[in-house]
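Reader: I'd like a close look at a single part of this model, please. Pick one spot, start from there, and tell me how its surroundings fit together.

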Amino acid sequence: MPIQQQKLPAQPVAEKKEIKTEQKTGVASFYHNKFEGRKTATGEVFDNDKYTAASNHFKLGTYVKVTNQVNGKVVYVKVNDRMGHQGRMIDLAEVAAQDLKFIRRGTTKVKIEAVSAAEGKKQILAQRAGEDQPQNEL
């Protein structure tokens, strides 16, 4: 005799959580040398050779991925300061602006995405390690 199949209660379907990344677009500029050695909003001393930035659009301590929309170059920085210029989205340390290749222009259009602290720290270390090696531009 065949065994009757039991009807099992329907299992609740796990909802997929959409991971929302904070993303903004706008204009980036870079710090003037006169700010070298001054304290930032976090109390850190500003250094144009460190991968840091000022922004009024992200929380202090946030790591962000900045993509130059003109040439596709990418850099990671930590937001450690606030800025006074309302028309700009982010003000980068000179080293970051050099990596994004907009020093001569002074400003550029960028996409900025918040990333985890682990990813930000890892990418900044990789950027620093790459400074000693010649970079090939394709």
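**Around strand E6**

Author: Let's start with Thr67, which touches Gly72, Lys73, Val74, Lys109, Val110, Lys111 and Glu113, leaving aside residues up to four places away in sequence. Keep in mind as we go that this is a predicted model. Thr67 sits in strand E3. Its relative accessible area is 13%, and since buried means under 20%, Thr67 counts as buried. Several of those contacts, including Lys109, Val110 and Lys111, bring us to E6, the strand that covers residues 108-115. That's the part I'd zoom in on.

E6 is mostly covered, with 6 of its 8 residues buried. To see who its neighbours are, look at the barrel: 6 strands close up in the order E1-E5-E2-E4-E3-E6, with mixed pairing. On average, neighbouring strands in this sheet are turned by 45 degrees against each other, if you ignore direction.

Take the E3 side of E6 to begin with. E3 (residues 63-68) runs antiparallel to E6, and 6 bridges join the two. If you want one pair to click on, Val64 has Ala114 in E6 as its bridge partner.

Now the E1 side. E1 takes in residues 23-30, and it too runs antiparallel to E6, joined by 6 bridges. Two pairs make handy landmarks here: Thr25 stands opposite Lys111, and Gly26 stands opposite Val110. Those two E6 residues should ring a bell, as Val110 and Lys111 are both among the contacts of Thr67. So far, then, we have E6 with antiparallel bridges to E1 and antiparallel bridges to E3.

Gly26 is worth another moment. The C-alpha atom of Gly87 is 8.5 Å from that of Gly26, although the two residues are 61 apart along the chain. Gly87 belongs to the loop between E4 and E5. Its relative accessibility is 52%, and the mark for exposed is over 50%, so Gly87 makes it into that class.

Keep going around from E1 and you meet E5 (90-92). E1 and E5 pair in the parallel sense over 3 bridges, and Ser29 has Asp91 in E5 as its partner. Further round, E2 (residues 52-54) and E4 (residues 74-81) run parallel, also with 3 bridges between them. Thr52 is matched with Lys78 of E4 in that pairing. Put these parallel pairs next to the antiparallel ones at E6 and you can see the mixed pairing of the barrel for yourself.

Back to E6, because strands aren't its whole story: helix H2 (residues 117-130) lies across E3, E4 and E6, at about 115 degrees to E4. At 1.5 Å a residue, its 14 residues should span 20 Å, and the C-alpha atoms at its ends are indeed 20 Å apart, so the expected length and the model agree.

Which way does H2 face? Gly120, Ile124, Gln127 and Gly130 are its buried residues. Looking down the axis of H2, you'd find them within an arc of 120 degrees, so they line one face of the helix. The spacing fits a general rule: an α-helix has 3.6 residues a turn, so residues three or four places apart point the same way. The buried residues of H2 pack against E3, E4 and E6. Flip to the other side of H2 and you get Ala118, Lys122 and Leu125, which are exposed.

There's one more thing to check, on the way into E6. Lys101 lies in the loop between helix H1 (94-100) and E6. Phi of Lys101 is near 65 degrees, which is a positive value in a residue other than glycine. Its relative accessible area is 39%, so Lys101 is partly exposed.

Finally, zoom out. The chain has 2 helices and 6 strands, and in sequence order they read β-β-β-β-β-α-β-α. Of the contacts between residues at least 6 apart in sequence, 73% join residues at least 24 apart. Buried residues make up 33% of the chain's 138, while the accessible surface of the chain is about 9800 Å², 50% of it from carbon and sulfur atoms.

How values were computed: Residues are numbered from 1 along each chain as its sequence is written. This is a predicted model: local features need pLDDT of at least 70, side-chain atom pairs count only at pLDDT 80 or more; totals for chains, interfaces and linings use all residues. Side-chain values use heavy atoms; hydrogens and water are left out. Two strands pair if DSSP finds at least two bridges between them. Helices (H or I, at least four residues) and strands (E, at least two) are DSSP runs, numbered from the N terminus. Axes are lines fitted to C-alpha atoms, for helices over the stretch in contact, and angles run from 0 to 180 degrees between N-to-C directions. Contact means heavy atoms within 4.5 Å. The expected span of a helix is 1.5 Å times one less than its number of residues. Buried means under 20% relative accessible area, exposed over 50%, partly exposed in between (1.4 Å probe, protein chains only). The arc is that of the directions from the helix axis to the C-beta atoms. Accessible areas come from the Shrake-Rupley method with a 1.4 Å probe; for residues, only the protein chains shown count as cover.
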